[in-house]
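Trainee: I should be grateful for a close look at the aromatic side chains of this structure, together with the cysteines. Please take me through the details in one connected account.

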Amino acid sequence: MPGGRAPEYLAMDQSVVDFVSKFSHAGKPITTICHSQLILAATNIVKGCKCTAYPTVGPVLIAAGAHWVEPESLSHCITDGNLVTGVAYPGHPEFIQSFVKALGSSITGSEKRILFLCGDYMEDYEVYVPFQSLQALGCHVDAVCPKKKSGDTCPTAIHDFEGDQTYNEKPGHDFTLTADFEGLDASSYDALVIPGGRAPEYLALDGKVIALVKDFMEAKKPVASICHGQQILAAAGVLKGKKCTAYPAVKLDMVLAGATWLEPDPIDRCFTDGNLVTGAAWPGHPEFIFQLMALLGIKVTF
């Protein structure tokens, strides 16, 4: 159950309470994060259970008889039996990993090192979702940005599709980098991921960025690029003869770079050609991540 404002009123809906109670009585895994633990309190299934949540939800859980675990950080997660509770979205990697484990799965091939090429106003979902998903799979994931160091942040933008002739743009979350760009040893990473958004427009003009991309492509390591990220691939001259897609507005860049254009219809389509995975936009994340997993040899088995 996701958090946010919705759990405040969903917890007052008897049909929701009854629905969640059925999962509990059946002993099936239940995962809740942030404010959605309010629904657990309403169902009376947290009594005696260890759980955490966004700090302001603590008093309600204590009143419901839960064994409250004060969150050490916004990434904190707790598993108690079939119940997985998390504090907030920074904890998604552990939260997802705990849920997958609760479903009885095993993950193999995750001993991989993945590098994300970031920049200011990259697309929020297109960096956060793959980054946290690969962390959840057990990979070591780093994010770098030219002229920035580990611990610095990049602002992001949210590109949405709401019926206009093109996407609109809203402010996103700040994204914290995990490694320095200068002195980076590309040979120590197994794959490169390039998010879309505004950043690729200017990253494509950076010679060091171009050299980095060429290193991965020449070594035939997996490279996964989505949306406008392919502008960097085009600038690097690595698309000639490659079958690929991108956000439709980037088609000209692809064709002029010698790529064979694959129409992203619907917008969630993704394609793999050799070591290259390309996607059109964030609605394609499930397929985008799955195709990168295939190249890396990562498997989730139930």
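Mentor: What follows treats the aromatic pairs, then the charges placed over rings, and lastly the cysteines.

The model is predicted, and the count of aromatic pairs in it comes to nine. One of the pairs joins phenylalanine 19 and phenylalanine 23, which are edge-to-face because their planes stand at 65°, with 5.4 Å between the ring centres. Both residues belong to helix H2, which spans residues 14–25, and as they are four residues apart, about one helical turn separates them. Their surroundings can be described individually: phenylalanine 19 is exposed, at 53% relative accessibility, while phenylalanine 23 is partly exposed, at 32%.

Another aromatic pair is formed by phenylalanine 161 and tyrosine 247, and this one is stacked, with 25° between the planes and 6.1 Å from centre to centre. Phenylalanine 161 is found in the loop between strand E11 (156–160) and strand E12 (168–171), whereas tyrosine 247 is in the loop between strand E16 (243–244) and helix H10 (251–256); the pair therefore ties together parts that lie 86 residues apart in sequence. Of its two members, phenylalanine 161 is partly exposed, with a relative accessibility of 33%, and tyrosine 247 is buried, with a value of 9%.

Aromatic contacts also extend to a cluster, whose members are Tyr89, Phe116, Tyr128, Phe131 and Phe175.

Charged side chains come next. Phenylalanine 23, already met as the partner of phenylalanine 19, has the charged end of lysine 28 over its ring, 5.7 Å from the ring centre. A further arrangement of this kind involves lysine 221, whose charged end sits over the ring of phenylalanine 216, 5.7 Å from its centre.

As for the cysteines, a search of the whole structure returns zero disulfides. A disulfide is a covalent bond that joins the sulfur atoms of two cysteines, and the cut-off applied here is a sulfur separation within 2.5 Å. For cysteine 139, the closest cysteine sulfur is that of cysteine 118, at 16 Å, which is too far for a bond. For cysteine 270, the closest cysteine sulfur belongs to cysteine 227, at 11 Å, and this separation is likewise too far for a bond. Cysteine 139 is buried, with a relative accessible area of 8%, and cysteine 270 is also buried, with a relative accessible area of 8%.

How values were computed. Residues numbered from 1 in each chain as written. Predicted model: local features only at pLDDT ≥ 70, side-chain atom pairs only at ≥ 80, totals over all residues. Heavy atoms only, no water. Buried < 20%, exposed > 50% of the residue type's maximum accessible area, 1.4 Å probe, protein only. Phe/Tyr/Trp six-rings, centres within 6.5 Å; stacked < 30°, edge-to-face > 60°. Helix = DSSP H or I, 4+ residues; strand = E, 2+ residues; numbered from the N terminus. Lys NZ or Arg CZ within 6 Å of the ring centre and 35° of its normal.
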